[in-house]
Amino acid sequence: MGSLTFLTDAVSAIKKSVSDNLPLMLYISDHASETIGDNPTDNNNKDEYITRVIIDNKYLSEECISCISEKFIRLKIIKGSTDYLNLLAIMPLFDKVVVPCLFFIYSGQVIDAFPQDIDPIKVEGKIMGLLDKISKQSATLTSSSTPAPPGARVPTTTNVSSPPPEVDQSIRSSNSMFYSTSNTTSQEASSGSNNPSKSNAKSLKEEAAELAALKYRESLLKQRQQAMEDRQRILHLLEQDRRENKPTENVTKQLEVHENIHNVKLQNREKYTIQLKLLDGSTKRVNFKANDRLLDVRSYILKELPEYNSFPFYFFKNIDRITYGDAEELQSLKSLNLNMSTLIIKPMDPEDIPKANITSEYPNTSSFGWFK
C-alpha cells in the first residue's frame, strides 16, 4: 500500500506537480492538525472528512490506493492561512468554497471536486475516472503535436476543461473566463496539428509562463514570511525593553526584612537574619548564629567592606530608636533580640568619639583602633 501522506508546503507541492506533470489533489481544511497520513489515530476528530473519504475509506481497493499515492501530488491547505491567500490571488474561485472539501487540479484547471457529503463508495470510481480522463487529455495533447498522416482524420476538439457537475455553481461562474480561455487554447492546439513547430513553441512559452508565475508566488511567500519574522522580532525586542525598564519592586520586596517586635518565636531561633543598611543607602542581608555577638557583625562588615576600616561607626536600630555602644556590642544577638532586625550603620562625629578604646579582647575588629 502506498503512502497517503498530505504535504503542507504549498510551494514545493505545486512545483512538484508541474515538474512531474501529475495532478494535484488539494484538500482545503478549516483547521490545522499535526499530520495527515497512514496512521491518523490522533487526528480523526480534526480531519474526519479526509479520513472518511481517502485515508480510512474501506471501499478503496489496493490498486486505487496505489494510484492515489503514485499518480497524485497531495496537498493540504488551511483556509485563512498564507498559502490559502496566495492560492486565492491566482484562483479567486476558491474564496466561495465550503470547507472541508477536496479538489483535483491538472494543468492549471479544476477538473473535479468532492463535496462534504460525498459517498465513500463512489470515491474509487471517480478517482479512476479522473485518471482515465487525464491520460486521454495527455494523449490528445501529444498527438496534436505530431503531424497527421495523409488521409487521416483530424480529431475534434475535446473540452477537457469543462467543470464537472459536482463542482459548486459559484465556482463554475467565478471560473467561466478561465474555462473559456482554456477552450480556445485546446482549439488552437488542435488546429495547429499541421504545424508542429508552432505547437512546440507555444508549449515552451506556456511552460516558461508557468515557471515565472511559480517563482513569483514563491518570492511573494518568502516576502510575507520575512515580514512576519521581522514583526515577531520587533515585538520580542519591545518586550525585552519593557522588562528591563520595569521597576524592580518585586526584588525590593524580597529583600525587605520585617522588623521583629516582641516576637518570641523569632527570638528563640538558632539562626538570626540581620539586614544591614550601609552608608550608600543599599541593604545587605546576613545570617548569623543566635549566640554571635554584635561585635561579630562589626567584624563581618570590616572584613567584607574594607573601606569601613577608615572611619568609626556605630549601629542604630530605627524601630526602637536604640544606639548600640561598646557594651552592647559585647552582648549576643539573642540577648539584644536582633533577629529579623534592620541595623543602620552611622558614622560617628569626631566630637562623640570616646577617648577610651574598646576592650583589648578584640583589638583588631573595632573601628576605634585607629585611636591607638
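Visitor: What does the accessible surface of the chain come to?
Guide: This is a predicted model, and the accessible surface of its chain comes to about 22200 Å². Carbon and sulfur atoms account for 52% of that surface.

Visitor: And how much of the chain is buried?
Guide: The chain has 372 residues, and 37% of them count as buried.

Visitor: How many helices and strands are there?
Guide: The chain has 12 helices and nine strands.

Visitor: What share of the contacts links residues 24 or more positions apart?
Guide: Taking contacts with a separation of 6 or more, 67% are between residues 24 or more positions apart.

Visitor: How many residues are in the largest nonpolar core?
Guide: That core has 26 residues. The ones with the most contacts inside it are I54, L102, F104, F114 and I127.

Visitor: Which helices and strands supply at least two residues each?
Guide: On the helix side, helix 2 (48-55), helix 3 (62-71) and helix 5 (120-144) do so. Strand 1 (24-29), strand 3 (101-106) and strand 4 (109-114) do as well.

Visitor: Take L102. What does L102 touch?
Guide: Leaving out residues up to four places away in sequence, L102 touches M25, L26 and Y27. Its contacts also include Y49, I50 and I54, along with D112, A113 and F114.

Visitor: Is helix 2 mostly covered or mostly open?
Guide: Mostly covered: six of the eight residues in helix 2 are buried.

Visitor: Which ones?
Guide: The buried residues of helix 2 are Y49, I50, T51, V53, I54 and I55. Among them, Y49, I50 and I54 are touched by L102, and I54 is also one of the core residues with the most contacts.

Visitor: Changing topic. How many cavities of 30 Å³ or more are there?
Guide: There is one. The volume of the largest cavity is about 120 Å³.

Visitor: Which helices line it with at least two residues each?
Guide: Helix 1 (10-20), helix 4 (82-90) and helix 8 (196-245) each do that for the largest cavity. The lining residues include A10, V11 and I14, then D83, N86, L87 and I90, and further along L214, R217, E218 and L221. I77 is in the lining as well.

Visitor: How many of the lining residues are nonpolar, polar or charged?
Guide: Eight are nonpolar, one is polar and three are charged.

Visitor: Where is there a cis peptide bond?
Guide: A cis bond joins V99 and P100, with omega about -5 degrees. P100 is in the loop between helix 4 and strand 3. Most peptide bonds are trans.

Visitor: What about the phi of N21?
Guide: N21 has a positive phi of about 55 degrees, and N21 is not a glycine. Most residues other than glycine have a negative phi. N21 lies in the loop between helix 1 and strand 1.

Visitor: And R321, where does that lie?
Guide: R321 is in the loop between strand 7 (313-317) and strand 8 (322-324). R321 also has a positive phi of about 55 degrees without being a glycine.

Visitor: Why does R321 count as exposed?
Guide: The cut-off for exposed is over 50% relative accessible area. R321 counts as exposed because its relative accessibility is 60%. N21 is partly exposed, because its relative accessible area is 47%.

Visitor: Last one: is M348 buried or exposed?
Guide: M348 is buried, with a relative accessible area of 16%. M348 is found in the segment after strand 9 (341-347).

Visitor: How far apart are M348 and Y314?
Guide: In sequence, M348 and Y314 are 34 residues apart, and in space they are 6.7 Å apart, C-alpha to C-alpha.

Notes:
Residues are numbered from 1 along each chain as its sequence is written. This is a predicted model: local features need pLDDT of at least 70, side-chain atom pairs count only at pLDDT 80 or more; totals for chains, interfaces and linings use all residues. Side-chain values use heavy atoms; hydrogens and water are left out. On a 1 Å grid over the protein atoms alone, a cavity is a set of points where a 1.4 Å probe fits but cannot get out, and a pocket is an open set with protein on both sides within 12 Å along at least five of seven lines; lining residues have an atom within 4 Å of a point. Grid points are joined across faces, edges and corners, and a volume is the space filled by probe spheres set on the points. Helices (H or I, at least four residues) and strands (E, at least two) are DSSP runs, numbered from the N terminus. Ala, Val, Leu, Ile, Met, Phe, Trp, Tyr, Cys and Pro count as nonpolar, Asp, Glu, Lys and Arg as charged, and the others, Gly among them, as polar. Buried means under 20% relative accessible area, exposed over 50%, partly exposed in between (1.4 Å probe, protein chains only). Contact means heavy atoms within 4.5 Å. Accessible areas come from the Shrake-Rupley method with a 1.4 Å probe; for residues, only the protein chains shown count as cover. A nonpolar core is a set of buried Ala, Val, Leu, Ile, Met, Phe, Trp, Tyr and Cys residues joined through side-chain atoms within 4.5 Å.
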